[in-house]
Amino acid sequence: MFLRIVKNNKGTEYLRIVENYRENGKNKQRVIANLGRVDNIS
């Protein structure tokens, strides 16, 4: 698992928890939780 920061088209950054897993021999990623806006976390 790792944290990922993503931006929307307005430039607002959001923090997500993402995990890697294998399905049918291929590596995939899925979002476990959306933690909200980066500027609101602290």
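A patch, as used here, is made of residues with over 30% relative accessible area and no salt bridge, with nonpolar side chains joined within 5 Å. Keep in mind that this is a predicted model.

**Exercise 1. The nonpolar patch**

Work out which residues form a nonpolar patch on the surface, and check Ile41 against the cut-off.

*Solution.* Start with the members: Leu3, Leu35 and Ile41 make up the patch. Together they offer about 270 Å² of accessible area. Now take Ile41, which sits in the segment after strand 3. Its relative accessible area is 39%, so Ile41 counts as partly exposed. Patch residues need over 30%, and Ile41 at 39% meets that.

**Exercise 2. Arg30 and its partners**

Find what Arg30 pairs with in a salt bridge, and say where the two residues sit in the chain.

*Solution.* First, the partner: the side chain of Arg30 meets that of Glu19, with 2.6 Å from N to O. The cut-off for a salt bridge is 4 Å, and the pair is listed as one at 2.6 Å. This contact links distant parts of the chain, with Arg30 in strand 3 (residues 26-37) and Glu19 in strand 2 (residues 13-23), eleven residues apart.

Next, buried or exposed? Glu19 has a relative accessible area of 18%, so it is buried, the limit for that class being under 20%. Arg30 comes out at 39% and is therefore partly exposed.

Last, look for a ring: Arg30 also lies over the face of Tyr21, at 3.9 Å from the ring centre.

**Exercise 3. The remaining salt bridges**

Say how many salt bridges the whole structure holds, then go through the ones that don't involve Arg30.

*Solution.* The search turns up three. Some background first: side chains of opposite charge can pair when their charged atoms come close.

- Lys28 bridges to Glu23, with the closest N and O atoms 3.1 Å apart. Lys28 has 32% relative accessible area, so it is partly exposed. Glu23, at 34%, is partly exposed too.
- Arg37 bridges to Asp39, where the closest N and O atoms are 2.9 Å apart. Arg37 is partly exposed at 36%. Asp39 reaches 53% and so counts as exposed, since that class begins over 50%.

**Exercise 4. Aromatic pairs**

How many aromatic pairs does the rule give?

*Solution.* To pair, ring centres must lie within 6.5 Å. Apply that and the count is zero. For Tyr21, the ring contact to remember is the one from Exercise 2, with Arg30 over its face.

Note on methods:
Residues numbered from 1 in each chain as written. Predicted model: local features only at pLDDT ≥ 70, side-chain atom pairs only at ≥ 80, totals over all residues. Heavy atoms only, no water. Phe/Tyr/Trp six-rings, centres within 6.5 Å; stacked < 30°, edge-to-face > 60°. Lys NZ or Arg CZ within 6 Å of the ring centre and 35° of its normal. Helix = DSSP H or I, 4+ residues; strand = E, 2+ residues; numbered from the N terminus. Buried < 20%, exposed > 50% of the residue type's maximum accessible area, 1.4 Å probe, protein only. Patch = residues over 30% accessible without salt bridge, like charges linked within 9 Å, V, L, I, M, F, W, Y side chains within 5 Å. Areas by Shrake-Rupley, 256 points an atom, 1.4 Å probe, with all protein chains shown as cover.
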